[in-house]
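Welcome to a short set of exercises with worked solutions. Have a look at the chain below, then try each task before reading on.

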Amino acid sequence: MKRHPIITFFVLTYALTWAIESPLVFLTDSVTATQGLVLVILASNVPSAVAIVLTAVVLGRGALRKLLGRLLIWHVNPIWYLVVFLGPVALTGGVVGLNALMGGPALSLGMSLLGIAIFFAISIFPGSALGEEIGWRGYVLPRLQSRMSALSAALLIAPIWALWHLPLWLTGEPGRTPTLYTGFLVSAFALSIIFTWVYNSTGGSLLMIVLLHATVNLPLTLVRDDLGPQATVPVLLYFGLLVVAAIVVVIVAGPKHLSRKRRKQVQEEQQAAESGVAAPGVAKPAPA
């Protein structure tokens, strides 16, 4: 674990998640809706749980406090709150316009504003936003950025992140089609870039990433619930606009740091190891 922290994370995260979700794929007819929901919630929290345990075991309480402390970084430039909350709204507006031009079905919220607020809160926790991002962006991303550019790190995480979701696309549920999974895979690259941009630009705020994860997922869920089989085109349009947004981010922020004003966020103990000086109270770690 100490010598290969990133590989250890990937192996444990995949093994535990896929083991939990395997009944959804192989025992579909035997799993009730409630049981399925419990399994999905448990699996969606595996990345963060693994990151917390590995950090505590390998690097100690001090490193764990730093990792979890990133969830409390809320004092950022207000523009990032606009990006987090209004960015997905703007993309959704673009989808509505393009869908109308293409003669697609009318799009609506599908639930009341109160219902949306409740669903948004649940999607943060116990949903996947908080359950994933301590792992992907809090644990993995800074370690990768210690040895490569921010863009390279984002692109490396993307396919591993997307493939981790694969069992949910093999359950036979309506809307889980190969076409949409292909779009989802492409969108994972775009989202990984956008998430890295926000993470680096806010000084490594996991709070901003968790909120952004939830706001990005919200329109997709509402559209799928509202339109069912007719949701394919609007969802693909949404994925496409995410790709456009990611390209703009790379051009404007630059590939090295994916941030105009801040350096990429790296794992502090890894920096110390590369400079030959161990961080205070932390043993010098070996590379992944």
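**Exercise 1. Find the loop that holds Pro126, then describe the peptide bond that leads into this residue.**

Solution. Keep in mind as you work that this is a predicted model. Start with the place: Pro126 sits in the loop between α6 (113–124) and α7. Next, look at the bond from Phe125 to Pro126, which is cis, with omega near 15°. For background, most peptide bonds are trans.

**Exercise 2. Locate Glu133, decide whether it is buried or exposed, and list its partners.**

Solution. Step one is the element: Glu133 belongs to helix α7, which covers residues 128–145. Step two is accessibility. The cut-off for buried is under 20% relative accessible area. Glu133 has 0% relative accessibility, so it counts as buried. Step three is the side chain, where Glu133 makes a polar contact of 2.7 Å with the side chain of Arg137. Step four is the wider surroundings: leaving aside residues up to four places away in sequence, Glu133 touches Ser48, Gly138, Trp161, Phe195, Leu206, Ile209, Val210 and His213.

**Exercise 3. Work out what the backbone of Leu258 shows and where this residue lies.**

Solution. Begin with the backbone angle: Leu258 has a positive phi of about 45°, although it is not a glycine. As a reminder, most residues other than glycine have a negative phi. Then place the residue: Leu258 is in the loop between α11 (232–253) and α12 (268–275). Finally, check its cover: the relative accessible area of Leu258 is 0%, so this residue is buried.

**Exercise 4. Describe the fold of the whole chain and how compact it is.**

Solution. First count the elements: the chain has twelve helices and zero strands. The radius of gyration is 19 Å, close to the 19 Å from the globule rule for 288 residues, so the chain is as compact as a globular protein of that length. Its C-alpha trace spans about 60 × 45 × 30 Å along the principal axes. Of the 288 residues, 48% are buried. Now turn to the contacts with a separation of 6 or more: 76% of them join residues 24 or more positions apart.

**Exercise 5. Characterise the surface and the charges of the chain.**

Solution. Take the surface to begin with: the accessible area comes to about 13900 Å², and carbon and sulfur atoms account for 71% of it. Then take the charges: there are 18 positive and 10 negative side chains, and the centres of these two sets lie 18 Å apart.

Note on methods
Residues are numbered from 1 along each chain as its sequence is written. This is a predicted model: local features need pLDDT of at least 70, side-chain atom pairs count only at pLDDT 80 or more; totals for chains, interfaces and linings use all residues. Side-chain values use heavy atoms; hydrogens and water are left out. Helices (H or I, at least four residues) and strands (E, at least two) are DSSP runs, numbered from the N terminus. The radius of gyration is taken over C-alpha atoms; the globule rule is 2.2 Å times the number of residues to the power 0.38. Buried means under 20% relative accessible area, exposed over 50%, partly exposed in between (1.4 Å probe, protein chains only). Contact means heavy atoms within 4.5 Å. Accessible areas come from the Shrake-Rupley method with a 1.4 Å probe; for residues, only the protein chains shown count as cover. Lys and Arg count as positive and Asp and Glu as negative; His and the chain ends are not counted. The place of a charge is taken as NZ of Lys, CZ of Arg, CG of Asp or CD of Glu. A polar contact is a pair of N or O atoms within 3.5 Å; within protein, one must be able to donate a hydrogen and the other to accept it, and residues adjacent in sequence count only if both atoms are side-chain atoms.
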